[in-house]
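Me: I have a structure in front of me and would like to learn how to read it. Where should I begin?

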Amino acid sequence: MLTAITKTGKKICLGYDYSKETLLLLRNKEEFVCPVCKEKVVLKLGDQRIFHFAHHQGSQCGEIYENETYEHLEGKRQLFQWLIKQEISSILEFYDPTIQQRPDIMFQYKGQRYALEYQCSLLPDKIFSKRTSVYLENSYIPLWVMSSKHLHQKRKDLISLSNFQYSFLRSSPAGRLYIPAYCSENRHFQIVDSITSFSIKNSFVHLSSFPLQTIQLDSILDPMKNHPPSLNSWNKEMDKFIFNWALHPHTQHKLFFQEVYNRGLNLFLLPPEIGLPVEHSVLIQTPPFIWQTYLFLDVLAKKTPFDLITIKEVNDSLQKRIQNKQIILRNLPQLKNIQPITALLEYLQLLIKLDILTRKSDRGFILQKPIKIPRSNSEREEDKKNFLTQHRCTLLK
Ligand SMILES: [Zn+2]
């Protein structure tokens, strides 16, 4: 850890730049205690590691706070210095006794209190969720920053994200969803935004890098505009994904296959309108082409032109599928207040753009023309080609 208290109650924070000489002098005349457990701690001034305080062996507190890697110590120190340079009131390793949690940095910004956690090691889902909800219940805004080493890019615009990585997903004030990451070695932030998932793990993303020196806190809390994938690359990945998925089906998807076939559909003959990218599909772990197929089967396929589709029907279908574990939601501790139906409503908005639906006040939508199901491979290819030519430039804008 980087903070300790002297016998006279003075706080020493190694987040500030002390010279080794100053610290050696200080160590000769002072004793230090841990601000949390009040046990004696030692000031370590080796050349190998960043200067830090350490508990004596066997201390319980030490076990909780001292499995810190060099990367973590260095990263939180850099982030602390970055904040104070912007004259943002910040406390490194702030211990809040009422909630018994110690964010890496607590800072106040625009009237809000933030708990910044720079997470380098894997953290079990349960602990991640628990810490986050305690922050939220005690009027902290959690700001989890992932270590960049956890980012696994498959391609410039494709990334694989695990449940752990999804835990870092947060919302900007404008409602944009993104993951902030930081690399202490290169001293730059990375922002993963426009996350458009097409399978449980794989997503289209827009990834940008910013040197710590030049980026301001605002840009981390409220990053840029949306960069959706192009409809063409989305389609290519979807086709590949459905093909592989149908070739190697999991037992848990057997019921889905069965239902699709029982309803006279063929996975390889799905219309281009099923399996579209929507921003909030990250809320749902189940791939978009599956939940959109369910929505089609439960609601859209049962309607004839000029029928009303109510939001309640849409929600009932979603809830039923969730209950039956046919649709699985993601555990997103920082986004508990966003309802998953948002994704379905965004999808219906896309169907409005495709002239399949129109909006009917707040209550719902009117079906204008049914989604056409192709009857053969060649028909599907033809439909898809037309669909892409017609909507390539407009649909995802
Ligand atoms: Zn302690």
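**Reading a sheet, then the domains**

Reply: Begin with a sheet in this predicted model. Five strands form an open sheet in the order β2-β1-β3-β4-β5, and their pairing is antiparallel.

Me: Which strands stand at the edges, each with a single partner strand?

Reply: Those are β2 (11-13) and β5 (52-55); each has a single partner strand, so one side of each is left without a neighbour in the sheet.

Me: How do strands of a sheet pair?

Reply: They pair through backbone hydrogen bonds, either parallel or antiparallel. Here strand β3 (residues 32-33) pairs with strand β4 (residues 40-44) in the antiparallel sense, over 2 bridges. Within this pair, V33 stands opposite K40 of β4.

Me: Which element has the lowest mean pLDDT?

Reply: Where pLDDT is low, the predicted coordinates should not be read in detail. The lowest mean among the elements, 67, belongs to helix α2 (residues 60-65), and the highest, 98, to strand β7 (residues 105-109). Over the protein the average is 92, with 98% of the residues scoring at least 70.

Me: What are the domains?

Reply: The domain assignment gives domain 1 (3-66), domain 2 (71-221) and domain 3 (231-391). The centres of domain 2 and domain 3, taken over C-alpha atoms, are 32 Å apart.

Me: How many residues of domain 2 are in contact with domain 3?

Reply: Domain 2 has 21 residues in contact with 18 residues of domain 3. On the side of domain 2 that touches domain 3, α4 gives the most, with 5 residues. That side divides into 10 nonpolar, 9 polar and 2 charged residues.

Technical notes: Residues numbered from 1 in each chain as written. Predicted model: local features only at pLDDT ≥ 70, side-chain atom pairs only at ≥ 80, totals over all residues. pLDDT = per-residue confidence, 0-100. Helix = DSSP H or I, 4+ residues; strand = E, 2+ residues; numbered from the N terminus. Pairing = 2+ DSSP bridges. Domains from an automatic or database assignment. Contact = placed C-beta atoms within 7 Å. Nonpolar A, V, L, I, M, F, W, Y, C, P; charged D, E, K, R; others polar.
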